[in-house]
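Subject: Structure for you to look at

Hello,

Here is the structure I promised. Please open it alongside this note, and then read on for what turned up.

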Amino acid sequence: MTQALAARGVHQVAGVLLDLGVSSPQLDTAERGFSFMKDGPLDMRMDTTSGETAAEWLAAASENEIREVIREYGEERFAKSIAAKIVDARSGGEPVRTTRQLAEIVGRAVRTREPGQHPATRTFQALRIHLNQELEELEVTLPQAADLLSPGGRLAVISFHSLEDRVVKQFIRKRSAADTLPRGVPVRAADLPPPQLAAVGKAVKPSYEEVSRNPRSRSAVLRVAEKNAPSPHPSPMGEGASSPSPLGKGRGEGRH
């Protein structure tokens, strides 16, 4: 982001909107391998010119690796059973190569699921996040976006699952916290530089009406933060400033 804008002579922007969702055309194109609703090759790569496909990864990963990815990135409570059935299938001469094949294997392992959610939803999400390093990409992108904002500029992020939202929430919280100094350092809190960001309102979620019109919006969460202006006054420790005693009074002051 920083390099692309600098190449165009842009070094500050008034706003950045990050939409972290997979696009509907990607989901609806069976050949991309993102959807358990349509049969296609088990690919799942955002960039189809590089990296392992989901089928290649599942063919080589250990049962423990598969379980941990599904558990961590899919928050799937049946991760152990799913991983075992995937390994059983490939050990029995049935390598997992298509989306329908994987969905059926997962369906046999998942005993219960939330109403309206396909049994393979969490497993497909987990594999996609892992293969494309989505959380790592987000952790790299957020600081760049914040640094590029001009004072008063806003960062808006729409996430679609709890892991993404947690990264965004923690980033905004950290960048909105005032600096702290050890006790006894002779600087007033009011004279510290302001935090880089300020959270704007609370997280925004879709209304019932919006979800009715667009079911894919049901898990969306929007968070917004605004870039603070730098401190208008210099630090009291700057040129011409004296250092107050951490005890409040100088030696001998008020003493007889």
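A residue is called buried here when its relative accessible area is under 20%. Keep that cut-off in mind for what follows. Note too that this is a predicted model.

First, the overall picture. The chain holds 10 helices and four strands. Along the sequence, their order is α-β-α-α-α-α-α-α-α-β-α-β-α-β. Of its 256 residues, 35% count as buried. Take the contacts between residues at least 6 apart in sequence: 67% of them join residues at least 24 apart.

Next, helix H9. This helix covers residues 162–176, which is 15 residues. From first C-alpha to last, H9 reaches 21 Å, close to the 21 Å expected at 1.5 Å a residue. Which residues of H9 are buried? They are Leu163, Glu164, Asp165, Val167, Val168, Phe171 and Ile172. Glu164 and Asp165 are on that list, so each has a relative accessible area under 20%.

What do those buried residues pack against? Two of the partners are helices: H4 (63–74) and H8 (134–148). The others are strands: S2 (149–159), S3 (197–199) and S4 (221–227).

Those three strands are also linked to one another through S4. S2 and S4 run antiparallel and are joined by six bridges. One pair to find on screen is leucine 155 with its bridge partner in S4, alanine 225. S3 also pairs with S4 in the antiparallel sense, over three bridges. Here, look for leucine 197, whose bridge partner in S4 is lysine 227. S4 itself is mostly covered, with five of its seven residues buried.

One more spot deserves a look: helices H5 and H6. H5 spans residues 79–91, and H6 spans residues 99–109. Two packed helices are described by the angle between their axes and the distance between the axes. The axes of H5 and H6 come within 9 Å and cross at roughly 130°. That angle makes H5 oblique to H6. The crossing is right-handed.

Which residues meet there? From H5 come Ser81, Ile82, Lys85, Ile86 and Ala89. From H6 come Leu102, Ile105, Val106, Arg108 and Ala109. Charged side chains are part of this meeting, with Lys85 on H5 and Arg108 on H6.

For a quick tour, start at H9 and its buried residues. Then go to S4 and its bridges to S2 and S3. Finish at the crossing of H5 and H6.

Best wishes

Conventions. Residues numbered from 1 in each chain as written. Predicted model: local features only at pLDDT ≥ 70, side-chain atom pairs only at ≥ 80, totals over all residues. Heavy atoms only, no water. Expected span 1.5 Å × (residues − 1). Buried < 20%, exposed > 50% of the residue type's maximum accessible area, 1.4 Å probe, protein only. Contact = heavy atoms within 4.5 Å. Pairing = 2+ DSSP bridges. Axes fitted to C-alpha atoms, helices over the stretch in contact; angles between N-to-C directions. Parallel < 35°, antiparallel > 145°, perpendicular 65-115°, else oblique. Left-handed = near helix turned anticlockwise from the far one by under 90°.
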